[in-house]
Amino acid sequence: MARAGHSRFDGRAVPEPPRRVAVLGAGGFVGSHLVPHLALDRSLEVVAVDRDLGKLAAGLPGVTRLPVDITTPGLLDEITGRAQVVVSLTALCNPALYNTQPLAVIDASYTDLVPLVKLCAARRRWLIHFSTCEVYGRSALDGAGRRMRAMVEDQTALCLGPVARERWTYAAAKQLLERVIWAHGQHAGLPFTIVRPFNVIGPRMDFIPGVDGEGIPRVLACFMDALMRAEPLRLVGGGRQRRSFLDVGEFVTAVGRILDHPATCQGEILNLGNPRNDVTIRALARALAKAFAALQPEAPPARFQTVDAETFYGPGYDDSVVRVPSIAKAARLLGWRPRRSLPEMLPDIVTDYVTRYAAEIAASVGQEPGGGPSTHPRRLRWTKARSASAARARRLAAGGGA
Ligand code: UGA
C-alpha cells in the first residue's frame with residue numbers, strides 16, 4: 001500500500017523487529033504498564049530509563065533499570081548508541097501545569113527531546129514517540145473548519161486556542177516536536193512512529209495530592225481522591241466536555257504490535273484510543289462513583305459539584321470540548337481494536353487506588369490540621385470504615401485476587 005513518505009524509509013529502517021529497546025519515561029503510568037508487557041517477550045532487551053522508577057515492578061526479566069533523568073549529559077548519546085529503538089514517553093502531561101508552568105512543559109515536551117530526534121536520525125534508530133491527542137485541539141475540524149465526527153491522523157486540522165490561552169502550550173510543543181520528527185523522517189532518514197494516545201486510564205495513574213504528589217492530577221485521580229476523602233467530585237464547567245477512555249492494557253498491546261511491525265508502522269502517525277468509550281466527564285464521574293460504591297458499600301453517597309474552569313485551574317485554562325479518535329488506521333496496520341468498556345475497566349482501577357491510598361488518606365482526614373482528632377462524626381465513622389476496607393483490599397491484593 002502506497003503511503004506518503006514511505007519510499008524514503010526503504011533500506012533505512014531497522015529491518016527486523018528490533019531486540020534492543022530503550023524506554024524513556026519508564027517509571028510513569030504508561031511506562032509502568034508498557035515495560036512489563038515488553039518483558040513478556042523474552043527475546044527483547046529493555047533498558048528502562050526514568051529519574052523515578054518507583055511505579056515500575058522490580059525484577060522483570062530482560063529489563064535493565066536506569067534511574068536517571070533524560071537530560072543527564074551524555075545519556076541520550078549512550079542510549080541511542082546501543083538501542084535499536086527508542087520509545088519516548090517523557091512529558092509533563094498534566095493540564096494543571098500547562099498554564100501554571102508552561103516553560104517547564106515546553107522544555108519537557110519539546111526542548112529536551114530535540115537532541116533525541118537528531119541522534120536517532122543520525123544513527124538510524126527507530127524513534128517511537130508518544131505525542132498526544134491534545135494536538136487536535138478544541139474539537140475535530142477539517143481543513144475548511146467543518147466539524148468532523150472523529151479525529152483522523154492525516155486529515156484533521158490541528159486547532160489550538162489563542163496564545164494567551166496557555167492551556168495550549170503543551171499541545172503546541174507536542175505538535176512542533178511531531179513536525180520536527182516528521183521533517184527528519186522526510187529529509188534526514190529518521191525511522192519513526194508517532195503515537196497519539198487518547199485518555200488512557202488504568203491502575204497507577206498520576207498521584208493523590210498530599211500523599212505522593214502536589215497539585216491537581218488528571219481527572220481520574222481527582223475523582224478517586226474526592227471519593228476516598230468523601231468530598232464532592234468537582235465537575236469543571238458542569239462536566240459536559242467529552243473524552244474517549246482507553247484501557248491501559250489494550251493500549252500497551254497496541255504499542256507491542258507497533259514494535260513487531262516496523263515496516264508497516266514506520267513513517268506513520270497513529271491514534272490509539274477507544275471511540276466506543278466516548279462519554280461526558282459527568283458520566284465518568286457517575287460511573288466511577290458507582291464502581292467505588294460497589295467496592296466500598298459503607299462509603300457515603302458520592303456528591304458532585306460544578307466548578308468554574310478558571311477557579312479550578314487558574315487563568316489561561318481552556319479545554320477540548322470533544323475528543324473522539326478515528327482508529328481505522330490502527331485497526332488496519334495493527335489488527336487492533338480495543339474492547340473494554342468503562343464498567344469493565346473501573347473496578348480494577350478503584351481497587352488499585354483504594355489499596356494504595358485509602359488508609360493513608362483516612363489517617364490524614366481523621367486528624368485536624370493541627371494533629372488532633374476530627375470532631376466531625378460522619379467523617380470519623382467513614383474514616384474508620386475506609387481503613388477497614390483498605391486493609392481488606394490490601395489482603396486481596398496480597399493474595400493476588402484484586
Ligand atoms: C490530558 C492531557 O493533556 C493529554 O495530553 C492526555 O492525552 C490526556 O490527559 C490523557 O489522559 O490521555 P485531558 O483529557 O484534558 O488531557 O485531562 P484530564 O485532566 O484528564 O481532564 C479531562 C477533563 O476532565 C477536562 O475537561 C477537565 O476539565 C475535567 N476535570 C478534571 C473535571 O471535570 N474535574 C476534575 O477534578 C479534573
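**View 1. The shell around the ligand in the predicted model.** Strand S8 gives the most to the shell around the ligand, contributing 3 residues, in a structure that is a predicted model. Of the 21 residues that surround the ligand, those that come nearest are Thr132, Arg218, Val219, Cys222 and Val236. Two elements give two or more residues to this shell, namely helix H7 (219–229) and strand S8 (233–236). Sorted by class, the shell is made up of 11 nonpolar residues, together with 5 polar and 5 charged ones.

**View 2. The open sheet and its edges.** The sheet is open and built from 7 strands with parallel pairing, which follow one another in the order S3-S2-S1-S4-S5-S6-S11. Strand S3 (63–66) and strand S11 (268–272) lie at the edges and have a single partner strand each, so that one side of each is left without a neighbour in the sheet. From one strand to the next, the twist averages 15°.

**View 3. The pairing of S6 with S11, and helix H6 on the sheet.** Strand S6 (residues 192–197) runs parallel to S11 and is joined to it by 5 bridges, and Arg196 stands opposite Asn271 in S11. Helix H6 packs on the sheet, where it touches both strand S5 (126–130) and S6, and the direction of H6 makes about 155° with that of S6.

**View 4. The buried face of helix H4.** In helix H4 (residues 102–109), the buried residues are Val105, Ala108 and Ser109. Seen down the axis of H4, these buried residues fall within an arc of 90°, and they therefore line one face of the helix. The buried residues of H4 pack against two other helices, H3 (95–98) and H6 (169–187).

Definitions and conventions
Residues are numbered from 1 along each chain as its sequence is written. This is a predicted model: local features need pLDDT of at least 70, side-chain atom pairs count only at pLDDT 80 or more; totals for chains, interfaces and linings use all residues. A residue is near a molecule or strand if its C-beta atom, placed from the backbone, lies within 6 Å of it. Helices (H or I, at least four residues) and strands (E, at least two) are DSSP runs, numbered from the N terminus. Ala, Val, Leu, Ile, Met, Phe, Trp, Tyr, Cys and Pro count as nonpolar, Asp, Glu, Lys and Arg as charged, and the others, Gly among them, as polar. A residue is buried if 20 or more other C-beta atoms lie within 10 Å of its own, exposed if 12 or fewer, and partly exposed in between; C-beta atoms are placed from the backbone. The arc is that of the directions from the helix axis to the C-beta atoms. Two residues are in contact if their C-beta atoms, placed from the backbone, lie within 7 Å. Two strands pair if DSSP finds at least two bridges between them. Axes are lines fitted to C-alpha atoms, for helices over the stretch in contact, and angles run from 0 to 180 degrees between N-to-C directions.
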